[in-house]
Amino acid sequence: MIPISVCIITKNEAENLKKCLAALSSYPFELVVVDTGSTDHSKEIAGRYTDKLYDFTWIDDFAAARNFAAGCATHDFILPIDTDEIVTSLDWDELQRAMEQHPKSVGHVKRLDYYETGNDQQCLQVMIERLYNRNYYHFEEPIHEQLRPESGISYTYYETSVVIDHYGYLGGKELLSQKAKRNLELLQKELAKDPENPYLYFQIAQSYMLMRDHENACSYMREALLRNPPPGNAYTRELVCNYGSLLIDFNRPQEALPLLSYYEYYSDNMDYLCMIGLVLMHVGQPLKALPEFVKAIAAPCRDSIDPRSPSYYVGYLYEFFGKPEIARVHYKNCGDYPPAVEALTRLDSI
């Protein structure tokens, strides 16, 4: 068996830490907890699950804390987990096989980011880098830290069977604003050092989204795209889709038309196709919008959009075209999706 050390950095999140460690205790991990200055009973909670408990004086640098935690581990393979994350699925034997096949690569895990939009809770699926050998990789960047290979090693990765639920984007507006403001302060410092880095603009936009400040979020998304982020990076797709959606919400769909330039990269993604379909609808091109929604129904990739949305929009357009019976079929395909249920009620009343 290849041993794995799970490394957690935490501060004043006792209840989340308890849930996080309880889920991890089902697996043969070494658990390493690094506390960065808690004043609640986080350290007491950690002590119930592990004797690998350390203190780290906070220096506004998440990468430094991550690297310190990895240095405290007994094993070389490190799996960083955040306090507000819960491992919900893990095939240990499959994970071991993948690690044996890719000893110098980074294992990506699926994380489900839960967040609120109005009165609804939605989920964004992302693949993120996590499992690594500390002999070959280390963390860099003080905020939204990323793994970097040691000299002479090329960054390669593989996908693992690990699934994590992430609840850090849920909570009251005041709590989320505090977290976002903390991140913004660190991000702005980094942006002053590297003003042409699109990733920093994207992360600043994400912080403003947490604060429900969509105007500023939209502005920073625009700045990020002006700096030509690599289309192959996962964050770029999220950036493109979020920016297009905000422009639609702000009734500025014409500004979103240039996002069609990413079509060759994201034409297999349901979120992107629906966003493009909505842009085309809002600029008065429903005939061009329809095939985008049809294509979205069978798209193999999805991030956060409700999978019933494409069928609903196909139904909506057929209703718009004066073909209610075809629209009804597509609405029924949506099951109990509220907009479709409302549409069927409307058609039944005619």
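Trainee: Which helix gives the largest share of the lining of the largest cavity, and how many residues is that?
Mentor: Helix 3 does, with three residues. Note first that this is a predicted model, where local features need pLDDT of at least 70, side-chain atom pairs count only at pLDDT 80 or more, and totals for chains, interfaces and linings use all residues. Residues are numbered from 1 along each chain as its sequence is written, and side-chain values use heavy atoms, without hydrogens or water.

Trainee: What makes a space a cavity here, and what makes a residue part of its lining?
Mentor: On a 1 Å grid over the protein atoms alone, a 1.4 Å probe must fit but be unable to get out; a lining residue has an atom within 4 Å of a point. One cavity of 30 Å³ or more is counted. The largest has a volume of about 40 Å³, volume being the space filled by probe spheres set on the grid points, which are joined across faces, edges and corners.

Trainee: Which residues line the largest cavity?
Mentor: Cys 7, Ile 9, Arg 66, Ala 69, Ala 70, Ile 78, Pro 80 and Tyr 132. Strand 1 (4-10), helix 3 (62-72) and strand 4 (77-80) each supply at least two of them. Helices (H or I, at least four residues) and strands (E, at least two) are DSSP runs, numbered from the N terminus.

Trainee: How does that lining divide by class?
Mentor: Seven nonpolar, no polar and one charged. Ala, Val, Leu, Ile, Met, Phe, Trp, Tyr, Cys and Pro count as nonpolar; Asp, Glu, Lys and Arg as charged; the others, Gly among them, as polar.

Trainee: Why are helix 8 and helix 10 called roughly parallel?
Mentor: Helix 8 (residues 234-249) and helix 10 (residues 270-282) pack at about 25 degrees, axes 10 Å apart. Axes are fitted to C-alpha atoms over the stretch in contact, and angles between N-to-C directions run from 0 to 180 degrees. Under 35 degrees counts as roughly parallel, over 145 as roughly antiparallel, 65 to 115 as roughly perpendicular, and the rest as oblique. Helix 8 and helix 10 are therefore roughly parallel.

Trainee: Which residues of these two helices make the contact?
Mentor: From helix 8, Val 240, Cys 241, Gly 244, Ser 245 and Ile 248; from helix 10, Asp 271, Tyr 272, Met 275, Leu 278, Val 279 and His 282. Contact means heavy atoms within 4.5 Å. Seven of the residues are nonpolar, three polar and one charged.

Trainee: Why is the pair of helix 7 and helix 8 called oblique?
Mentor: Helix 7 (residues 214-226) meets helix 8 at about 135 degrees, with axes 10 Å apart. That angle falls in none of the named ranges, so the pair is oblique. The contact has ten nonpolar, two polar and one charged residues.

Trainee: How do you know that helix 13 and helix 14 are roughly antiparallel?
Mentor: Helix 13 (residues 324-332) and helix 14 (residues 338-348) cross at roughly 150 degrees, their axes coming within 9 Å. The angle is over 145, so roughly antiparallel applies. Pro 324, Arg 328, Tyr 331 and Lys 332 of helix 13 meet a set in helix 14 including Ala 340 and Asp 348. By class, the contact has six nonpolar, no polar and four charged residues.

Trainee: Where is Glu 129, and what does it contact?
Mentor: Glu 129 is in strand 7 (residues 120-133). Leaving aside neighbours within four places in sequence, Glu 129 contacts Val 106, Gly 107, His 108, Gln 146, Leu 147 and Tyr 155. Its C-alpha atom is 10.0 Å from that of Arg 111, 18 residues apart along the chain.

Methods: 1 Å grid on protein atoms, 1.4 Å probe; cavity = no way out; pocket = protein on both sides within 12 Å on 5 of 7 lines; lining within 4 Å.
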